[in-house]
Amino acid sequence: MAKSSQIFAFSRLKLSIKKEWGENRRQFLLLILFITGAMSIESFLQISSAYNKVEYLYMTTGGENVDFHTAAQQHFFYERYHYMQHVLFAIILVSFTALAASLAFSSTSTKEGTVRDLTCPASQTEKFAARFGLYIVGGWATAVSAWIFVAFGSYIIMSMLTPYGDFFHPTSVGPLFDADAPRSATLAASTILTSLFLQSLFFLGSSFWPRNSFIKTFGAGTALFGSMVLIAVLTTYFCMQFLQPGPDKKLPHFLGCPETYYMLTLFMSAVNYTLAFIRYRETDVVRIR
Amino acid sequence: MLTLENLSFGYHRGQSVVDSINLTLPPGGIYGLLGPNGAGKSTLLYLIAGALTPRAGKAVFNGTDTRRRLPSTLSDIFLVSEEFSLPPISLGEYVRLNAPFYPRFSHEALRANLEMFELTPELNLGHLSMGLKKKVFMSFALACNTSLLLMDEPTNGLDIPGKSAFRKFIAQAMTDDRTVIISTHQVRDIDRLIDHVIIMNGSQICLNRPVGEIQKHLKFLTTTDRETINSALCALPGIGGAAVMLPNTDGNDSEINLEVLFDFAMKHQSALNGIFNKAVTQTSNTF
């Protein structure tokens, strides 16, 4: 039985994180540039479109009746700009975190890289935890930071260049967490949990296919998801058709409630990380066929 | 102390690259692991380093199965594999990131090793040729001061001065508690360096003897004398005469010609073992 200090030590975890970051710094910087760039481009396109409309509103009313907080302009205010930007930012965030997770084991995509990784004097648990910290926790931190940076950046630039700074206030997570917005909590939880699940899936994919992991996991995940949907549709049809005869054909309540979805995604994420750890722990220089 | 206990491995089912190898290597020696291509030398080194999972048996280093990949074991073993990669960062940065994993790492030793290869510490690993990368990597490996140093084809890709410097720096770095295993098929590069010969063939070890014992029982010389060539256990023709291997009957040591020994081991494995076993029997009878 190995001593616990041989399985996990914070000093070695710190060294492993520093090593992973230091040796793959270029990749991390490219990732940061990628998400900041993607959000900036998206923000620029949204602002360009919204600016023309705001300008038109000012022109037609002489600027006197433009109040972005009035109920009359709420629809335009949220739906046409902030809500749309929020949704697109969220899509970029989810895609980015999945992409970052898919790169977690990319350094072991070659025999040389695998030897370097396996012979590094840290436990497999520490090396795994270092990757989890950098690519999963770090992926989220980077995505949220980029979101805040771009949203505030857009606001500051538009405030300086135009008189409509008030309209371009930073797009926050408001539409998701706004208590007054219908089903906001459900939407927020679903988005975050879906992102966490996708991260775990791509992290697992990276442990199986370190090379071109994103594409391979995307393909395998799509095929798996398609099969599951098909099975679910057929099962539901079977249940509705045969098991509950009568006019009140209903699915069991638990299938429709969001908590079931939350529990399922959390459970599946935990399963994915466990499988990834087992896979990584059993990694050898050459995979035996 | 490194012990291989009934170690077996194969990349495919039903195929063995390493087959039931039993071996004990006491510390303080430079072991030359020789064998033809595909004999399983690199695989054996990966198994010793814990980078492969044996099909059966285990490699035990200082009382610990290396496959467990415990940090304490890994920090005392360094593998210079034939195929290796270095990150595209400066050498200083590489040392800063990797040296803390090795408790006995010596910056002075690194500087001295680099000097031996006529290199300076101000290098960018991303801009080096393969030969220079190898020199830097070997310098770093030796500076880690691990008890077990595994080197797979270390002289591949080195220029002539590099090979000479390699021999010098391995010899200088040897201590009583350090074990170096050098796997190669370029036997001439290490013939004056090693003090123990291990020859692998057909997934098994066919010779495992200290250099002193080989010299005691076998004699190596280069000759043009037809009679000597005909009576030799093995002869390899060359310019200036044939390199021959004979039973050592006069008791004088000669410098081992690994090429001839290797050639004989490949062709007459049982005869070679017979020479040593017979010698052992004779010695036992004397007592």
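Visitor: How many residues does the largest nonpolar core have?
Guide: This is a predicted model. Among the residues with the most contacts inside the core are B:Leu47, B:Val80 and B:Met245. B:Ala141, B:Leu150 and B:Leu261 are listed with them. The residue count of this largest core is 86.

Visitor: Which helix gives the largest share of this core?
Guide: The share in question is seven residues. They come from a helix of chain B that spans residues 130-143. That helix is α5 of chain B.

Visitor: Where does this core lie with respect to domain 1 and domain 2 of chain B?
Guide: Domain 1 covers 2-202 and domain 2 covers 210-286. Both give residues to the core. The core therefore lies between domain 1 and domain 2 of chain B.

Visitor: Which residues does B:Leu47 touch, not counting those up to four places away in sequence?
Guide: B:Leu47 is one of the residues with the most contacts inside the largest core. Leave out residues up to four places away in sequence, and its contacts are B:Leu7, B:Phe9, B:Val18, B:Leu52, B:Pro54 and B:Ala59.

Visitor: What is the strand order in the open sheet of three strands in chain B?
Guide: The pairing is antiparallel. The edge strands are β11 (218-223) and β12 (234-236), and each pairs on one side only. From one strand to the next, the twist averages 20°. The order is β11-β13-β12.

Visitor: Which residue is the bridge partner of B:Cys234?
Guide: β12(B) pairs with β13 of chain B, residues 242-247. The pairing is antiparallel and runs over three bridges. The partner lies in β13(B). It is B:Met245.

Visitor: How many residues of chain B are in contact with chain A?
Guide: Start on the side of chain A that touches chain B. α2 (10-23) and α5 (111-118) of chain A each give two or more residues to it. That side divides into ten nonpolar, seven polar and nine charged residues. In total, 26 residues of chain A are in contact with chain B, whose own count is 27.

Visitor: Is A:Lys53 buried, exposed or partly exposed?
Guide: A:Lys53 sits in helix α3 of chain A, residues 25-61. Within 10 Å there are 13 other C-beta atoms. A buried residue needs 20 or more, and an exposed one has 12 or fewer. A:Lys53 is therefore partly exposed.

Visitor: What separates the C-alpha atoms of A:Lys53 and A:Ala146?
Guide: Along the chain, these two residues are 93 residues apart. Their C-alpha atoms are separated by 26 Å.

Conventions: Residues are numbered from 1 along each chain as its sequence is written. Chains are lettered from A and ligands numbered from 1 in the order in which they are written. This is a predicted model: local features need pLDDT of at least 70, side-chain atom pairs count only at pLDDT 80 or more; totals for chains, interfaces and linings use all residues. Two strands pair if DSSP finds at least two bridges between them. Helices (H or I, at least four residues) and strands (E, at least two) are DSSP runs, numbered from the N terminus. Axes are lines fitted to C-alpha atoms, for helices over the stretch in contact, and angles run from 0 to 180 degrees between N-to-C directions. Two residues are in contact if their C-beta atoms, placed from the backbone, lie within 7 Å. Ala, Val, Leu, Ile, Met, Phe, Trp, Tyr, Cys and Pro count as nonpolar, Asp, Glu, Lys and Arg as charged, and the others, Gly among them, as polar. A nonpolar core is a set of buried Ala, Val, Leu, Ile, Met, Phe, Trp, Tyr and Cys residues joined through C-beta atoms within 7 Å. Domain bounds come from an automatic or database domain assignment.
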